[in-house]
Amino acid sequence: MSALYSNEKQVAIAAVRRACILTNSVFNKLVKNETLTKDDKSPVTVGDYAAQAVINTILSKAFPDDPIVGEESSSDLRTPSSSSLRSRVIELANEALQHDLAPGDSSAWGIGPGATQSEGQLLETIDRGSFAGGKSGRMWTLDPIDGTKGFLRGGQYAVCLALLVDSRVELGVIGCPNLPVDPSKPDGARGCLFIAVRGQGAEQLTLSGSDPKTLSIPAIASEDISNSLSFLESVEAAHSSHGFNSRVSDILGLATSPVRMDSQAKYCCLARGEGGAYLRMPTGAGYREKIWDHAPGSLLVTEAGGAISDSRGQPLDFGLGRDLGENFGVVAAGKSVQADVLAAVKKAGEEEKSKA
Ligand SMILES: Nc1ncnc2c1ncn2[C@@H]1O[C@H](COP(=O)(O)O)[C@@H](OP(=O)(O)O)[C@H]1O
Ligand SMILES: [Mg+2]
Ligand SMILES: [Mg+2]
Ligand SMILES: [Mg+2]
């Protein structure tokens with residue numbers, strides 16, 4: 001009998017890998033007018049749209065009944081002023097869908113050479129990501145480029161896909177085209193794929209599928225925290241409070257400065273033993289974390305032997321819709337130290353309240 005979710009895993013890997021090849025090639029060719037600013041002032045590029053079109057196409061062929069909660073929508077692409085951007089997205093998506101990565105690979109999706117998708121079809125496919133989410137049933141959640149700001153800087157970004165069943169993450173696949181394969185060789189080969197299936201562990205492969213490694217977060221004894229732990233945090237100060245993290249770091253007496261990195265590559269690094277903790281605390285009232293920014297990363301961390309919760313110690317709730325509800329931040333760390341980090345987070349929170 002094949003392992004649970006083995007089909008879903010194969011399809012998700014193929015889809016994420018194909019999207020990573022696309023985003024990688026887009027970065028090298030990206031020109032100024034290929035980026036839009038969304039209503040929330042965040043950037044989105046032709047790469048984000050085309051990657052969502054590619055992954056949604058593959059998911060829709062393989063699992064036609066599964067809804068998708070995807071970050072992007074085609075509405076900004078449909079305006080008359082976006083016509084050149086729109087054509088570029090369609091061109092990139094068709095190119096990526098027809099690219100034969102392995103014998104028979106593209107024909108498996110019924111989209112072999114010559115079978116280009118029309119503009120209307122691809123825009124509709126992008127909008128298959130508009131599902132509202134919720135408590136029950138099967139659904140995918142997709143972030144076609146997580147860390148778009150990192151992507152634009154040539155820094156870290158990730159193509160992130162997860163399968164949720166009854167609001168639990170069952171499968172997560174993350175592609176990190178710019179992440180060094182071996183953390184001890186930061187200037188060495190880049191491009192990693194991270195995969196986790198609930199109950200089946202977490203692994204890293206190269207983007208081309210070689211060099212598999214089982215991931216496990218090393219234990220740190222409480223008395224070694226100050227010397228052995230360092231934080232992973234967002235580059236963008238607007239996404240996660242650097243000041244709060246610095247206070248938590250002082251409370252724990254950490255000797256090492258945080259490592260700043262865009263995207264769910266932070267979860268991937270934590271899962272393979274880097275840093276030891278990922279802290280993401282709200283920077284102001286109002287912003288709600290999105291399920292696609294955390295679903296695959298959270299499973300990767302727990303399957304690598306870590307723990308993840310909000311700053312109150314409550315589990316993240318992926319069943320509330322497209323976002324995680326009221327924002328109490330995210331605290332992820334190895335199992336041996338997550339309680340210590342949480343205690344320091346609570347202390348820093350109380351200090352902040354008493355000053356207010
Ligand atoms: N005010 C805010 N607080 C927290 N996260 C935010 C935010 N504004 C945007 N984001 C999210 O932060 C993500 C990037 O996270 P990070 O800082 O870890 O790289 C963005 O994903 P996208 O780049 O996919 O839009 C976006 O969803
Ligand atoms: Mg975005
Ligand atoms: Mg994101
Ligand atoms: Mg994104």
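Strands here are DSSP runs of E at least two residues long, numbered from the N terminus. Keep that in mind when you reach Ile-145, which sits in strand S4 (residues 138-146). One caution before you start clicking: this is a predicted model.

**Stop 1: the whole chain**

Show everything as cartoon. You'll be looking at 10 helices and 14 strands. Along the principal axes, the C-alpha atoms fill a box of roughly 60 × 50 × 45 Å. The radius of gyration is 20 Å, which agrees with the value near 21 Å expected of a compact globule of 356 residues. Colour by burial and 48% of those 356 residues come up as buried. Contacts reach far along the chain, too: of those between residues at least 6 apart in sequence, 72% join residues at least 24 apart.

**Stop 2: the largest nonpolar core**

Now select Ala-15, Ala-50, Val-54, Cys-268, Ala-271 and Leu-300. In the largest nonpolar core, which has 102 residues, these six touch the most other members. Add helix H1 (residues 6-29), the biggest giver to this core with 10 residues. Where does the core lie relative to the two domains? Colour domain 1 (6-215) and domain 2 (222-354) separately: both give residues to the core, so it lies between them.

Zoom in on Ala-50. Setting aside residues up to four places away in sequence, Ala-50 touches Leu-22, Val-89, Leu-92, Ala-93 and Ala-96.

**Stop 3: the annotated binding site**

Next, pick Glu-71, Asp-143, Ile-145, Asp-146 and Asp-293. An unreviewed UniProt entry annotates these positions as "binding site". Although they span 223 residues in sequence, no two of their C-alpha atoms are more than 10.0 Å apart, so they gather at one spot.

Take Glu-71 on its own. You'll find it in the loop between strand S3 (68-70) and helix H3 (83-98). Is Glu-71 buried or exposed? It counts as buried, because 23 C-beta neighbours lie inside 10 Å and the cut-off for burial is 20 or more. Show its contacts beyond four places in sequence and you get Leu-142, Asp-143, Pro-144, Lys-290 and Trp-292. One of these, Asp-143, is itself among the annotated positions.

Move on to Ile-145, in S4. Ile-145 is buried as well, with 31 C-beta neighbours inside 10 Å. Which residues does Ile-145 touch, not counting those up to four places away in sequence? Light up Thr-23, Gly-47, Asp-48, Ala-51, Phe-151, Tyr-157 and Val-159.

**Stop 4: the seven-stranded sheet**

Stay with S4 and bring in the sheet around it. This is an open sheet of 7 strands with mixed pairing, in the order S3-S4-S5-S6-S7-S8-S9. Look at the two edges: S3 and strand S9 (213-214) each have a single partner strand, so one side of each is left without a neighbour in the sheet.

Then isolate S7 and strand S8 (residues 201-206), which run antiparallel and are joined by 6 bridges. For one pair to label, try Ala-196 and its bridge partner in S8, Ala-202.

**Stop 5: out to an exposed loop**

Finish at Pro-186, in the loop between strand S6 (168-180) and strand S7 (190-197). Pro-186 counts as exposed because 9 other C-beta atoms lie within 10 Å, and the limit for exposed is 12 or fewer. For a last distance, draw a line from Pro-186 to Thr-37: C-alpha to C-alpha they are 32 Å apart in space, and 149 residues separate them in sequence.

Technical notes. Residues are numbered from 1 along each chain as its sequence is written. Chains are lettered from A and ligands numbered from 1 in the order in which they are written. This is a predicted model: local features need pLDDT of at least 70, side-chain atom pairs count only at pLDDT 80 or more; totals for chains, interfaces and linings use all residues. Helices (H or I, at least four residues) and strands (E, at least two) are DSSP runs, numbered from the N terminus. The radius of gyration is taken over C-alpha atoms; the globule rule is 2.2 Å times the number of residues to the power 0.38. Two residues are in contact if their C-beta atoms, placed from the backbone, lie within 7 Å. A nonpolar core is a set of buried Ala, Val, Leu, Ile, Met, Phe, Trp, Tyr and Cys residues joined through C-beta atoms within 7 Å. Domain bounds come from an automatic or database domain assignment. UniProt positions are given in the numbering used here, feature names are shortened, and annotations may be inferred rather than shown by experiment. Two strands pair if DSSP finds at least two bridges between them.
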